[in-house]
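Thank you all for making the time this morning. I would like to take you through one structure, going from one region to the next, and I will pause at a few residues along the way.

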Amino acid sequence: MMNMEESFQFLNIKRSILTFLLVLLFSNTFAHGHGGHSDQILSHIALHKVTFAVSASGVSIKANPLVLGLKGEDTQWVTVELKNPQPTAGDWVAVFSPANFNSSTCPPAEGDTELETPYICSAPIKFKFANYSNSAYTKSGKTSLKFLLINQRADVSFALFSGGLSNPKLVAISNYITFANPKAPVFPRLANGKSWDEMTLTWTSGYNIDEAVPLVEWGVVGENKVKSPAGTLTFDRSSMCGAPARTVGWRDPGFTHTSFLKDLWPNTKYTYRMGHYLNNGSFIWSKIYTFNSNPYPGQDSLQRVIILGDMGKADRDGANQYANNQPGALNTTDQLIKDLKNIDFVFHIGDMAYADGYISQWDQFTAQMEPVASTVPYMVASGNHERDWTNSGSFYDLTDSGGECGVVAETMYYVPADNRAKFWYATDYGMFHFCVADTEHDWREGSEQYKFLEKCFASVDRRKQPWLIFIAHRVLGYSSNNWYGLEGSFNEPMGRDSLQKLWQKYKVDIAYFGHVHNYERICPIYQNICVNDEKSHYSGVVNGTIHIVTGGAGKNLSPFSPVTPLWSIFRDHDHGFVKMTAFNHSSLLFEYKKSSDGKVYDSFTIYREYKDVLACVHDSCEATTLAN
């Protein structure tokens, strides 16, 4: 039997081991993604090392205004005044929401209850260094910081830390501020429904169905409005597959509502607003938005489609710029907003928010994209940063989603898939037919997805919809990106082995990919060989698929291989996006635009007639007979 001294020593050893395991758990939170490393900026904060020093005298941090959104705004600027008699270059201010972020908010401890809870177990939603707007702060100890806050369903506080991000010491906590109605409906996202005359509208709020009924009031501009119900979804911490989504990155997502606006007239302008009918008989309404309904499939009219990938979010207030790892996100967003009157349809082909398990960043991303997604259909595809997690059914056994394992994206964004956990689907816009793949699930020949893709290609009537487009996140086609070059395949391993026979058989016009953070255009190609010597004006028979890499919407750029393959026509190591304009059934314009200025830096045209689609080409000929 141990004496008191031995018992005390044993308890200290036990506590040391448990503390080590806790640090290891949080360290794993900060080490996910490719090669076990995360570039999500919030993961650089060593929350497990926070020490408490709020008693320091003379330090103050105050936030104003106290109440936001008094005129119905869902975004508002806040000023934070800071005084610190002992300033350092490592001082930084974090924004926490909910405002109370101490140990009382930590989830119930699992295992040994003797383990001390860390003071902070939830990440801030954003941060800035104290000297961000005033380089003299380290001398004066005074500064004023401005933060742009969005309505995220909870109150907000600001905290001053010293010691940088690696050894944070909590020095002061501000007063609490809040939006006038933190539960208000916000950030609408339009998307195609399962039929051409249906538009879905998804939004976020703090109202569950037990306190309010979600609905949409909508109708043709200038005519009477109708009300349509909405369904409600959410998810909890237990739905996450791992850290940080399940630990420091967790934040209550509120509720996601989706309404189906049906029997739309084609090419018609509608207005809408999201609402909630409260138990007391009153309504809560959003501001009013507008959209144009889709053309009838096959309709001959001007139709303009944007395709981009790998954007991420960035903060207009300069917050979270510690690593500046999504430098092009706002430029791309602003170019889309600037040219919105000339855009009908948008595809974001994976790696959207780069939240990587920090759930608060999804709200930030939907707020960033609201001017676009509330006005035109905003269709999405699944990428590795939405889906991949070990032992979760993803094709790649990686941790790039930060433990989200697809749940957040599948809940927050509607797509017309039979099962959103399998993120492949078909959709139409006028003369375009899109077949959207999910590269984070098996696409190889014989798989469920392969069968779907062949059915999608085979089902289109090319007389009505001549422009057949394939979309996927990872490069299942061709890319001269550096890491693909090192692998020797210049594509995702196994990528085109099975699919190129489908692209050729069904004469897919263009295949779009993200994942690689640059722009590249590949010639019309089949089995590694360019089948057309033309580079700018394609016409006649469809004898190969043009491949486009458009993953440069915002994230840090990817280098090209020093070797330029013969099939690579144009490469650009810059942020940008692409635009297709179908003028009619025979003529299409493709443009690549840089996000920095919105100007066109690469383009080509396609001109052909229906007989050119029907013509027999290599590995794409209909059976014939000599019988009469």
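Let me begin with a question about the backbone: which residue follows helix 9, and is its phi positive or negative? The residue is Lys-507, and its phi is positive, near 55°. Please keep in mind throughout that what you have in front of you is a predicted model.

Staying with helix 9, which covers residues 495-505, eight of its 11 residues are buried, so the helix is largely enclosed by the rest of the structure. Those buried residues are Gly-495, Arg-496, Ser-498, Leu-499, Gln-500, Leu-502, Trp-503 and Gln-504, and what they pack against is a mixed set of elements, namely helix 7 (448-459), strand 24 (467-472), strand 25 (510-513), strand 26 (519-526) and strand 29 (545-550). Helix 9 also takes part in a salt bridge, in which the side chains of Lys-505 and Glu-454 meet at 3.3 Å, N to O. This pair links distant parts of the chain, with Lys-505 in helix 9 and Glu-454 in helix 7, 51 residues apart. Lys-505 counts as partly exposed because its relative accessibility is 42%, and Glu-454, at 24%, counts as partly exposed as well.

Let me turn to the nonpolar interior. The largest nonpolar core holds 70 residues, and the members that touch the most others are Phe-347, Phe-434, Tyr-512 and Met-580. Helix 4, residues 360-373, supplies the largest share of this core, which is five residues. There is also a second, separate core, made of 24 residues, and it includes Leu-453, Phe-470, Ala-472 and Leu-502. Leu-502 is one of the buried residues of helix 9 that I listed a moment ago. As for Tyr-512, if we leave aside its neighbours within four places in sequence, its contacts include Ile-307, Ile-349, Ile-469, Ile-548, Val-578, Met-580 and Phe-590, and they also include Phe-470 and Ala-472, two residues that belong to the second core.

Next come the charged pairs. How many salt bridges does the structure hold? The number is 26, and I will pick out two more of them. In one, the side chains of Lys-126 and Asp-317 meet at 2.8 Å, N to O. Here too the pair links distant parts of the chain, since Lys-126 lies in strand 6 (residues 126-129) and Asp-317 in the loop between strand 19 (303-308) and helix 3 (329-338), 191 residues apart. Lys-126 is buried, with a relative accessible area of 2%, and Asp-317 is buried at 4%. These two residues are also part of a network of salt bridges that links Lys-126, Lys-313, Asp-315 and Asp-317. In the other, Asp-344 pairs with Arg-304, the closest N and O atoms being 3.0 Å apart, and both Asp-344 and Arg-304 are buried.

I would also like to show you two polar residues. Is His-257, in strand 15 (residues 255-261), buried or exposed? His-257 counts as buried because its relative accessibility is 0%. Its side chain is joined by a polar contact of 2.7 Å to that of Ser-205 and by another, of 2.9 Å, to that of Thr-232. Beyond its neighbours within four places in sequence, His-257 is in contact with residues including Trp-203, Tyr-207, Pro-214 and His-276.

The other is Ser-568, which has its place in strand 30, residues 568-572, and which counts as buried at 12% relative accessibility. Its side chain and that of Glu-520 are joined by a polar contact of 2.6 Å, and, with neighbours within four places in sequence left aside, the residues in contact with Ser-568 are Ser-480, Glu-520 and Arg-521. To give a sense of scale, Ser-568 and Thr-51 are 54 Å apart in space, C-alpha to C-alpha, and 517 residues apart in sequence.

I will finish at the surface, where Leu-66, Val-67 and Leu-70 form a nonpolar patch with about 290 Å² of accessible area together. Leu-70 is found in the loop between strand 3 (67-68) and strand 4 (75-83), and this leucine is exposed, with a relative accessible area of 68%.

How values were computed: Residues numbered from 1 in each chain as written. Predicted model: local features only at pLDDT ≥ 70, side-chain atom pairs only at ≥ 80, totals over all residues. Heavy atoms only, no water. Core = buried A, V, L, I, M, F, W, Y, C linked by side-chain atoms within 4.5 Å. Buried < 20%, exposed > 50% of the residue type's maximum accessible area, 1.4 Å probe, protein only. Helix = DSSP H or I, 4+ residues; strand = E, 2+ residues; numbered from the N terminus. Contact = heavy atoms within 4.5 Å. Polar contact = N/O pair within 3.5 Å; in protein donor to acceptor, adjacent residues only side chain to side chain. Patch = residues over 30% accessible without salt bridge, like charges linked within 9 Å, V, L, I, M, F, W, Y side chains within 5 Å. Areas by Shrake-Rupley, 256 points an atom, 1.4 Å probe, with all protein chains shown as cover. Salt bridge = Lys/Arg side-chain N within 4 Å of Asp/Glu carboxyl O.
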